[in-house]
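The following paragraphs lead the reader through one structure, from its ligand surroundings to its helices and its sheet. Please keep the sequence and the model in view while reading.

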Amino acid sequence: MSHLIEEVRKNQPLIHNITNQVVMNFTANGLYAIGASPVMANAKEEVGEMAALANALVLNIGTLTDMQVDAMIVAGKAANQAGTPVVFDPVGVGATTFRTQSAQRILEQVKVTCIRGNAGEIASLAGLSATVRGVDGAGDVDMETLAAQAHQKLGVSLVITGAQDILIHRGEKVILSNGHPLLTKVTGAGCLLSSVLAAFLAVTDDVLQAMTDAVSYYGIAAENAANEQQLPGSFQVSFIDQLYNLKSEEINRKIRMIRGA
Ligand code: ATP
Ligand code: TZP
Ligand code: MG
Ligand code: MG
């Protein structure tokens with residue numbers, strides 16, 4: 001079975017990230033590891049040009065400012081005009097009014113291809129009951145009900161992550177259960193996934209396939225890293241190595257997927 005990672009490695013898509021200050025370096029290294037080409041650009045004077053040049057755009061509100069949100073909207077509109085995929089990572093939405101209002105502003109003005117967030121963030125974005133503490137989701141939620149309701153409310157493809165990941169695109173659902181709890185001990189594990197997802201979206205028009213291949217690739221790389229290293233610092237380094245090393249044949253053996261559950 002062919003895997004989109006081969007296309008990412010062959011095409012080296014340019015991924016324009018407007019992202020938070022915590023994860024920039026980790027995100028750039030993770031994108032290099034899968035074979036993509038990262039660029040971080042924030043200034044409103046240049047983001048339109050950069051987004052039009054890129055093969056995918058990531059908007060991540062982790063350390064947002066008013067100016068950065070303005071820039072995200074400029075970049076998002078340029079990407080929309082160029083037909084370039086846009087991934088939105090609503091980090092910590094629901095934790096503060098500013099985050100919630102900014103996320104709404106972005107979604108009103110930019111057509112996003114996919115939103116990637118934890119359950120609390122997605123619930124909060126969709127106006128469903130949610131608990132968000134800082135940038136971490138909390139509390140028990142029925143992920144499948146959440147996915148269906150949020151998808152209907154937001155009208156956008158979703159990747160909702162946690163111990164299980166639920167992907168939903170035009171009503172079609174995929175559940176994946178690869179990954180490792182050590183990912184929750186490394187800052188930026190969610191943010192990097194959003195950028196990896198953008199790289200996969202850059203090489204195909206099949207959104208559900210891109211979401212499935214990106215999330216499973218990422219989760220299996222984490223499992224391999226956890227087999228090598230059991231402490232968070234070394235796990236983070238090993239994870240970058242595994243993102244670089246993972247082969248398609250291994251993915252076909254290790255993927256844990258329930259389609260259309
Ligand atoms: P949070 O801030 O709540 O941790 P996040 O934005 O960092 O959210 P996560 O939901 O942690 O994003 O997802 C990042 C990656 O970690 C995904 O690949 C997901 O599958 C994986 N992951 C998260 N929690 C677990 C877990 N308990 N077991 C296995 N994999 C997990
Ligand atoms: N604070 C603001 S953004 C950020 C922190 C800790 C990084 C969040 O990364 P992730 O991928 O959501 O864990
Ligand atoms: Mg996290
Ligand atoms: Mg996050």
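**Ligand surroundings, a helix pair and a sheet**

Twelve residues lie around ligand 2, and N20, V22, G62, G190 and C191 come nearest. The model is a predicted one, and the positions described here should be read accordingly. By residue class, the shell around ligand 2 divides into six nonpolar and six polar residues, with no charged residue.

Ligand 1 is surrounded by 18 residues, of which N118, T161, G179, L183 and G190 are the closest. Three elements each give two or more residues to this shell: β7 (136–137), α8 (189–201) and α9 (207–228). Among the contributors, α8 gives the most, with three residues. The shell around ligand 1 comprises seven nonpolar, nine polar and two charged residues. G190 is thus among the closest residues to ligand 1 and also among those that come nearest to ligand 2.

The helices α8 and α9, both of which give residues to the shell around ligand 1, also meet one another. How do their axes cross? The axes of α8 and α9 come within 9 Å, and the crossing angle is roughly 135°. An angle over 145° would count as roughly antiparallel, and 65 to 115° as roughly perpendicular; the value for this pair falls in neither range, and therefore α8 is oblique to α9. The crossing of the two helices is right-handed.

Which residues form the contact between α8 and α9? On the α8 side they are L193, V196, L197, F200 and L201. On the α9 side, V207, A210, M211, D213, A214 and Y218 meet them. Ten residues of this contact are nonpolar, one is charged and none is polar.

The description now turns to the sheet. Nine strands form an open sheet with mixed pairing, in the order β2-β1-β3-β4-β5-β8-β9-β10-β11. Which strands stand at the edges? They are β2 (37–40) and β11 (257–259); each has a single partner strand, so one side of each is left without a neighbour in the sheet. From one strand to the next, the twist averages 15°.

At the β11 edge, the pairing can be followed down to individual residues. Strand β10 (residues 172–176) is joined to β11 by three bridges, and the two strands run antiparallel. One residue pair can be located directly in the model: I175 has I258 in β11 as its bridge partner.

Terms used:
Residues are numbered from 1 along each chain as its sequence is written. Chains are lettered from A and ligands numbered from 1 in the order in which they are written. This is a predicted model: local features need pLDDT of at least 70, side-chain atom pairs count only at pLDDT 80 or more; totals for chains, interfaces and linings use all residues. A residue is near a molecule or strand if its C-beta atom, placed from the backbone, lies within 6 Å of it. Helices (H or I, at least four residues) and strands (E, at least two) are DSSP runs, numbered from the N terminus. Ala, Val, Leu, Ile, Met, Phe, Trp, Tyr, Cys and Pro count as nonpolar, Asp, Glu, Lys and Arg as charged, and the others, Gly among them, as polar. Axes are lines fitted to C-alpha atoms, for helices over the stretch in contact, and angles run from 0 to 180 degrees between N-to-C directions. Angles under 35 degrees count as roughly parallel, over 145 as roughly antiparallel, 65 to 115 as roughly perpendicular and the rest as oblique. A crossing is left-handed if the near helix is turned anticlockwise from the far one by less than a right angle, and right-handed if clockwise. Two residues are in contact if their C-beta atoms, placed from the backbone, lie within 7 Å. Two strands pair if DSSP finds at least two bridges between them.
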